[in-house]
Amino acid sequence: MEDYEKLLEEAYQNLPEKVKTTVRFEMPKFEIFLQGNQTIVVNFMEVVKYIRRDPKILLKYLTKELAAPANIVGDRLLIKGKVRAEKINKKLEAFVKTYVLCKECGKPDTELITIEGILYLRCAACGARYPVPPIS
Ligand SMILES: [Zn+2]
């Protein structure tokens, strides 16, 4: 039995990199809990890594959209005041749709670039490039 599991493990590790990384993009969700008068996003950095955006940009966006001051502490985001989890996740979803997923092909293989003061989303999958609303 142990040998069999070992074989499975080895088989998995020998899969070409491509097979492992073509996982379908799933809309990320924040894990949130309230502590006193603060709202804590436990997996903030995890989500940031998943969507491959600058944490500062997402912080800026959420601060503005939620009209609440927030700061990053370690892997967490601490928001001043009590904000409902549903509300924060709706904002995250809106952020991902605008600033992560390509509107042409729907793929998340994109990056944000600034050209002459204008923010663009550039897609590595289909080559699309279009301006997106500034985050300030
Ligand atoms: Zn695209």
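**Exercise 1. State the strand order of the four-stranded sheet and find its edges.**

Solution. Step 1: the order is β1-β2-β4-β3, in an open sheet with antiparallel pairing. Strands here are DSSP runs of E with at least two residues, helices are runs of H or I with at least four, and both are numbered from the N terminus. Two strands count as paired if DSSP finds at least two bridges between them.

Step 2: β1 and β3 each have a single partner strand, so these two are the edges and one side of each lacks a neighbour in the sheet.

Step 3: from one strand to the next the twist averages 25°. Such angles are taken between N-to-C directions of lines fitted to C-alpha atoms, for helices over the stretch in contact, and run from 0 to 180 degrees.

The model is predicted; local features need pLDDT of at least 70, side-chain atom pairs count only at pLDDT 80 or more, and totals for chains, interfaces and linings use all residues. Residue numbers start from 1 along each chain as its sequence is written.

**Exercise 2. Describe the pairing of β1 with β2 and the turn that joins them.**

Solution. Step 1: β1 (residues 32-35) and β2 (residues 38-41) run antiparallel and are joined by four bridges.

Step 2: F33 has I40 as its bridge partner in β2, and Q35 stands opposite Q38.

Step 3: two residues lie between the strands of this hairpin, and G36 takes a positive phi near 60° there.

**Exercise 3. Analyse the three-stranded sheet in the same way.**

Solution. Step 1: the open sheet has the order β5-β6-β7, with antiparallel pairing.

Step 2: β5 (110-115) and β7 (129-131) are the edge strands; each has a single partner strand, so one side of each is without a neighbour in the sheet. The twist averages 30° from one strand to the next.

Step 3: β6 (residues 118-123) pairs with β7 over three bridges in the antiparallel sense, and R122 is found opposite R129 in β7.

**Exercise 4. Identify the best-connected members of the largest nonpolar core and the elements that supply it.**

Solution. Step 1: a nonpolar core is a set of buried Ala, Val, Leu, Ile, Met, Phe, Trp, Tyr and Cys residues joined through C-beta atoms within 7 Å. Buried means 20 or more other C-beta atoms within 10 Å of a residue's own, exposed means 12 or fewer, and partly exposed lies in between, with C-beta atoms placed from the backbone.

Step 2: the largest core has 15 residues, and V41, F44, L58, L77 and I88 touch the most other members. At least two residues of this core come from each of α3 (44-51), α4 (55-66), β4 (76-80) and α5 (85-99).

Step 3: leaving aside residues up to four places away in sequence, L58 touches V48, R53 and F95. Contact requires C-beta atoms, placed from the backbone, within 7 Å.

Step 4: over the whole chain of 136 residues, buried residues make up 15%.

**Exercise 5. Locate two non-glycine residues with positive phi and decide whether each is buried or exposed.**

Solution. Step 1: most residues other than glycine have a negative phi.

Step 2: A67 has a positive phi of about 50° and lies in the loop between α4 and β3 (70-73). A67 has 8 other C-beta atoms within 10 Å and is therefore exposed.

Step 3: E116, with phi near 50°, lies in the loop between β5 and β6. E116 has 4 C-beta neighbours inside 10 Å, so this residue also counts as exposed.

Definitions and conventions:
Contact = placed C-beta atoms within 7 Å.
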